[in-house]
Amino acid sequence: MYRKILVALDHTPADQVLLPEVTKLAQLMRAELLLVHVADGWAARNYDQLKLVESEEMKADRQYLEDTIASLRASTGLEIRAQLARGDPPREILKLADSEHCDLIAMTTHGHRLIGDILFGSTIEYVRHRTQIPLLVISAVGK
């Protein structure tokens with residue numbers, strides 16, 4: 001059913017709620033995991049245009065992905081890759097899900113309500129309205 005699952009990580013404790021759920025599913029489906037984190041700071045958003053070097057934040061994000069892959073491979077035996085993208089998170093998630101031919105996008109909610117969504121936007125709302133790929137949404141609130 002699912003052959004490749006894009007797992008949108010945000011480098012927060014919410015990832016520790018999402019990863020166990022999605023790895024169980026991947027093991028059942030014998031699916032590959034594509035871990036994605038989108039660096040969206042100023043340097044990340046202007047990286048290509050200004051030919052910048054990676055910021056400390058991007059280096060930390062890359063290390064986080066590498067450490068997460070190593071840990072998951074050791075405990076699950078799954079085929080896992082990672083991609084550090086740069087720019088606007090929902091747009092980059094959609095672009096990678098499409099270009100990588102993913103069958104499922106897995107994400108967490110953070111419990112923003114109205115004002116939080118207005119101020120911070122909602123990555124899930126943007127993604128769900130613009131994709132035909134099924135979404136697995138896990139609540140990180142209260143966990």
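Author: Two strands pair if DSSP finds at least two bridges between them. The model is predicted, so local features need pLDDT of at least 70 and side-chain atom pairs pLDDT 80 or more, while totals for chains, interfaces and linings use all residues. Residues are numbered from 1 along each chain as its sequence is written, and side-chain values use heavy atoms, without hydrogens or water.

Reader: What is the order of the five strands in the open sheet?

Author: Pairing in this sheet is parallel. Strands (DSSP E runs of at least two residues) and helices (H or I, at least four) are numbered from the N terminus. β3 (80–86) and β5 (135–139) are the edge strands, each pairing on one side only. The order is β3-β2-β1-β4-β5.

Reader: Which residue of β3 is the bridge partner of Val38?

Author: Strand β2 (residues 32–39) runs parallel to β3, and seven bridges join them. In β3, the partner of Val38 is Ala85.

Reader: What angle does the direction of helix α6 make with that of β4?

Author: Helix α6 (residues 123–130) packs on the sheet, where it touches β4 (104–109) and β5. Axes are lines fitted to C-alpha atoms, for helices over the stretch in contact (heavy atoms within 4.5 Å). On a scale from 0 to 180 degrees between N-to-C directions, the angle is about 155 degrees.

Reader: Is Thr108 buried or exposed?

Author: Thr108 lies in strand β4. Leaving out residues up to four places away in sequence, Thr108 touches Asp10, Ala14, Leu18, Ile124, Ile138 and Ala140. Buried means under 20% relative accessible area, exposed over 50%, and partly exposed in between (1.4 Å probe, protein chains only). Because its relative accessibility is 8%, Thr108 counts as buried.
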